[in-house]
Structures are given as structure tokens and as C-alpha cells.
Amino acid sequence: MNNVHVCDHPLVQHKISLLRDKNTGSKEFRELVSEISMFICYEATRDLPLKEVKIETPLALANAKIISGRKVAFVPIMRAGLGMVDGALALVPAAKVGHVGIYRDKSNSNSAAEYYCKLPFDIANREVIILDLMLATGVSAIKTVDIVKNAGAKNVKFMCVLTCPEGIKALQTAHPDVEIITGAIDDGLNEDLYIVPGIGDGGDRLFGTK
Ligand code: URA
């Protein structure tokens, strides 16, 4: 699949297996999501541009590299994307964080409405990485990419812990330029639009609301 990167590192796969276990409670679930997000963010930021600088080490003058140019903005989709923010910020502490809330109409699987949006004012000059625990139907993801692009963002990536072929196809059809970085690609969606085998309701498991 074009423009899709799966983090197949053994630690990521192990931690996703623990997430899948229905006996994993909210505290452990939250910790795992945060840890996995760090690994996925590591891949999502792999192509950040570098520039050369001179740094004096205790022994010599070194030609060293630091991140240059574009800065990063993370945009979690509420609510499940919120669980990924700490892990992403652990890697890029200077990033700004925007928030997007999408309301999904359960009776119409293609409908999504924005109910909240607060983005960094300089989002157009930032590398935007959208965070959501799952890319399922793709409806919320597509809407969120629309929102950040309308705000001026030109470099947009989407990172998630889990996805499926339907979600990838939908997002890639609507936004072929958006790279997807994920921990796993599952079999597909069931009739209730849950990813199978999946992890169940990500928001409920993160926040203990079930
Ligand atoms: N949202 C969830 O919480 N779980 C899924 O499997 C798909 C979407």
C-alpha cells in the first residue's frame, strides 16, 4: 500500500497485543497507548529536515546536526487521540498541540460534524501530525485532514495505533498526499464499524467509560 508505514518493531507488536487483551484495564491501556505512540511518532518524524551546526564538545569542535525549518504540530482527534498526546510530546516537547472534535452520526456512517476546533495560529508553517487511536471508516480522519488543510497546513501525516484496509483506502482516496503511520493493519470492519480483531472501543477503554 502506498504511503502507509507499519511500525513492525517487536516492542510495538508486543504492546499492541497487550492492548488487544480484553482483560487489560484502563490504567495499563493508557500507559501502553502512550508508549506505542512514542514509537509511532519516532517513525512519523523520521524525515524531519536537519541542518548542520558547529558544537563545541568537551574535546573538539564538532559538525553536528539539529532539526531545522518546519516545526511540528500534533492534532489529536477527540476523544481517543488524546491518549496519544503525551507519548508524542515526549519525543517532540516543543511541538504545539491543536484539538479537533468530530461528532459521528451513528445512523449515517458517512456523516461527521466538527464540534470543536482549536489549532495553532501558525499551523501553515508546521509539519502537522494528526493523532487518532484508530483509523476505522476514515470519516473522522478525512474531516480532520480537511480542517487542517483549510487552515493552511501543507504537510500532513496521520498516525494511529491500529487501522484496517477500509480506513486506509478511504483516507488515501480523499487525501493521497497524507502518509499513514500505524502500528498494525487488522482484517477489516464489522457491521458496527469496529475494527476486527481490534481493541474494542478505544475511547471507552482509555477513559474507563464502560
Ligand atoms: N473506534 C473504536 O473505538 N474502535 C474501533 O474498532 C473502531 C473505531
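Which residues surround the ligand? In this predicted model, the ligand is surrounded by Met134, Ala136, Leu193, Tyr194, Ile195, Gly200, Asp201 and Gly202. By class, this shell comprises 5 nonpolar, 2 polar and 1 charged residues.

Polar contacts to the ligand involve the protein backbone at Ile195, Gly200 and Gly202. At Ile195, a polar backbone atom sits 2.7 Å from an oxygen atom of the ligand. At Gly200, a polar backbone atom is 2.8 Å from a ligand nitrogen atom. At Gly202, a backbone N or O atom lies 2.8 Å from an oxygen atom of the ligand. On its own, the ligand has 240 Å² of accessible area, and the protein covers 81% of this.

The second largest pocket was examined next. Its space amounts to about 180 Å³. The lining of this pocket consists of 13 residues. Ile67, Lys71, Val72, Val92 and Ala94 lie nearest the pocket centre. The lining divides into 8 nonpolar, 2 polar and 3 charged residues.

Salt bridges were also counted. The structure contains 12 of them. One of these joins Lys15 to Glu35, with the closest N and O atoms 2.8 Å apart. Lys15 belongs to helix 1 (residues 10–20), whereas Glu35 belongs to helix 2 (residues 26–44), so the pair ties together parts that are 20 residues apart in sequence.

Note on methods
Residues numbered from 1 in each chain as written. Predicted model: local features only at pLDDT ≥ 70, side-chain atom pairs only at ≥ 80, totals over all residues. Heavy atoms only, no water. Near = heavy atom within 4 Å. Polar contact = N/O pair within 3.5 Å; in protein donor to acceptor, adjacent residues only side chain to side chain. Areas by Shrake-Rupley, 256 points an atom, 1.4 Å probe, with all protein chains shown as cover. Nonpolar A, V, L, I, M, F, W, Y, C, P; charged D, E, K, R; others polar. 1 Å grid on protein atoms, 1.4 Å probe; cavity = no way out; pocket = protein on both sides within 12 Å on 5 of 7 lines; lining within 4 Å. Points joined across faces, edges and corners; volume = space filled by probe spheres on them. Salt bridge = Lys/Arg side-chain N within 4 Å of Asp/Glu carboxyl O. Helix = DSSP H or I, 4+ residues; strand = E, 2+ residues; numbered from the N terminus.
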